[in-house]
Amino acid sequence: MAFSLEERLQLGIHGLLPPCFLSQDVQLLRVLKNYEMKRDDLDRYVFLMGLQDRNEKLFYRVLTSDTERFMPIVYTPTVGLACQMYGLAFRRPRGLFITIHDLTHISTVLQSWPEKDIRAVCVTDGERILGLGDLGCYGMGIPVGKLALYTACGGMPPQQCLPVMLDVGTDNEELLKDPLYIGLRHKRIRGQAYDDLLEEFMKAVSDRYGMDCLIQFEDFANTNAFRLLSKYRNQFCTFNDDIQGTAAVAVAGLLAALRVTKSKMSDHTIVFQGAGEAAMGIADLITMAMEKEGLPKDKALRKIWMVDSKGLIVKVIQVPPLCHSARSVFLLLVPTCSLGVAAISGAFTEEIIRDMASFNERPIIFALSNPTSKAECTAEQCYAITEGRGIFASGSPFDPVTLPDGRTFFPGQGNNAYVFPGVGLGVTACAIRHVTDEIFLTTAESRISELSIQTPVLPPYRLCTTYWRNLKFSSRFPEGERLHFDVKDNKIKTL
């Protein structure tokens, strides 16, 4: 409907369209009215994905028209439900599906993708989708959603982004019996064949798209996430969003909280509920932040504790009986900050939150697990039990909370969406070959430098997207000239 009369005549479609000419502004209005008629968030997700299939420019116009409104639909928490229902919601394939049976000819499969100038790849094997577990091929919704944010928030052209599913099977019995399941119907292939698939995939992507093509690992299980990151981080341009992206946004939230508590990172004792890849990544970056403040690494490590399903993790074998429950750990360690990354709803019990409030004037409580149903506590629980003294952030959004005394709190959201679109833009624009941990610490520090003391721990999406858009610059520069991010001067320069 936006084609002019001249364009319609040239295309031979005059008479096949209504005579009215509608601008994108009017088309946006139509989409919004249709959107408002949808019954629930899953319907809204399917509607927006359909729009992305048939009119990509209008899709991103919708997303950027009100990012805070649409982000929870195309990303967490709704994308988690969409992945669970992916077989039912499936309309048209997006991204590239590579299976374990494509070994020895992955480069040929990559040739099937029509775009040749790919700057960013987001890849998953679907084994640990959010806090939902093994969703196999249904996990494709995550790379699709992540790369949509590369464009909506980071400003990268969508044709330069490639979502990839590495399908090696699934151990989810329900999916194997599901007639709508779209993936391989056998148990996960592990061991050498799995490693060979990853090795060939990494080389094939770099051969086709260049060594500075960013490969973002997403939602791999703990058993593979750490070793793959360790194996490939110094060979290729790659990072793991669950380990490093989560770390950057969590540390940014902590740095914001420090402005409220008027303290240093090294002043705090931090307890993690959960000891997986997110916890390890955050702990590593916290240690780096403490070292930057002048605290030796061995002393920094003593300020960080982790609790898993079996209790407190320690080096010695003799664990006191007191440490066998999560609450007893809190009573023993008297932490100033608790970070939930266990994907266990209610892990921060009323007793634990009350204890945190008794230990601290301003307890820091982050329930970072996604989707919302997996959060360790709700915003309302945190604010109500701590009588409004708690400093709260969550992985997925919570509505504002009003206490009986009339005070209203706006929960901060500690989500990777604050980090990976900007990191992806910076890494690809500057042609960085290796993504170091220092990049993520700098990211955390730069995020907090944009916030005022009146802002929530982490700001609404609209603040972040405005920040990213202000950083956008043309990728067109003289041939042979390279861009370089100067950490000391905090500026992008040419080499």
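# Reading a predicted fold, feature by feature

Modeller: Let's start with one residue: Ser266 has a relative accessible area of 10%, so Ser266 counts as buried. The labels work like this: buried is under 20% relative accessible area, exposed is over 50%, and partly exposed lies in between, with a 1.4 Å probe and protein chains only.

Colleague: What kind of model is this, and how are its residues numbered?

Modeller: The model is predicted, with residues numbered from 1 along each chain as its sequence is written; local features need pLDDT of at least 70, and side-chain atom pairs count only at pLDDT 80 or more. Totals for chains, interfaces and linings use all residues, while side-chain values use heavy atoms, leaving out hydrogens and water.

Colleague: Where does Ser266 lie?

Modeller: Helices (H or I, at least four residues) and strands (E, at least two) are DSSP runs, numbered from the N terminus. Ser266 sits in the loop between H13 and strand E6 (270-273). Its C-alpha atom is separated by 8.2 Å from that of Ala289, 23 residues apart along the chain.

Colleague: And how far apart are the C-alpha atoms of Cys122 and Gln216?

Modeller: They are separated by 4.7 Å, although the two positions lie 94 residues apart in chain numbering. Cys122 belongs to strand E2, and with 0% relative accessibility Cys122 is counted as buried.

Colleague: Let me try burial on a whole element. How many residues of helix H5 are buried?

Modeller: Six of the eight residues in helix H5 (residues 67-74) are buried, so the rest of the structure largely encloses this helix. Those buried residues are Thr67, Phe70, Met71, Pro72, Ile73 and Val74. For contrast, look at Leu5 in helix H1 (residues 5-11): its relative accessibility is 41%, so Leu5 is labelled partly exposed.

Colleague: Next, salt bridges. How many does a search of the whole structure find?

Modeller: A salt bridge is a side-chain nitrogen of Lys or Arg within 4 Å of a carboxyl oxygen of Asp or Glu. The search of this whole structure turns up 26 of them. Take Arg188 and Asp125, whose side chains meet with an N to O distance of 3.8 Å. This pair ties together distant parts of the chain, 63 residues apart: Arg188 is in the loop between helix H10 (173-177) and helix H11 (192-209), and Asp125 is in the loop between strand E2 (120-124) and helix H9 (141-152). Both Arg188 and Asp125 are buried.

Colleague: Which residue forms a salt bridge with Arg188 at 2.9 Å?

Modeller: That is Asp134, where 2.9 Å separates the closest N and O atoms. Here too distant parts of the chain are linked, with Asp134 in the loop between E2 and H9, and Arg188 in the loop between H10 and H11, 54 residues apart. Asp134 is buried, as is Arg188.

Colleague: What about Arg327 and Asp355?

Modeller: They form a salt bridge with closest N and O atoms 2.7 Å apart. Arg327 comes from helix H16 (residues 326-333) and Asp355 from helix H17 (residues 350-359), distant parts of the chain 28 residues apart. Arg327 is partly exposed, at 37% relative accessible area, whereas Asp355 is buried, at 8%. There is also a network of salt bridges that links Arg128, Asp219, Asp242 and Glu277.

Colleague: Finally, empty space. How is a cavity told from a pocket?

Modeller: On a 1 Å grid over the protein atoms alone, a cavity is a set of points where a 1.4 Å probe fits but cannot get out; a pocket is an open set with protein on both sides within 12 Å along at least five of seven lines, and lining residues have an atom within 4 Å of a point. Points join across faces, edges and corners, and volume is the space filled by probe spheres set on them. In this structure, one cavity of 30 Å³ or more is counted. The largest cavity has a volume of about 170 Å³. Helix H3 (41-54) and helix H7 (86-89) are the elements giving two or more residues to its lining, and H3 gives the most, with five. Among the lining residues are Tyr45, Met49, Tyr86 and Arg94.

Colleague: And the second largest pocket: how much space does it hold?

Modeller: About 610 Å³. Its lining has 32 residues, with Arg128, Ala278, Val341, Ala343 and Ser369 nearest the centre. Helix H13 (241-261), helix H14 (277-292) and strand E7 (304-308) supply at least two residues each, and H13 gives the most, with four.
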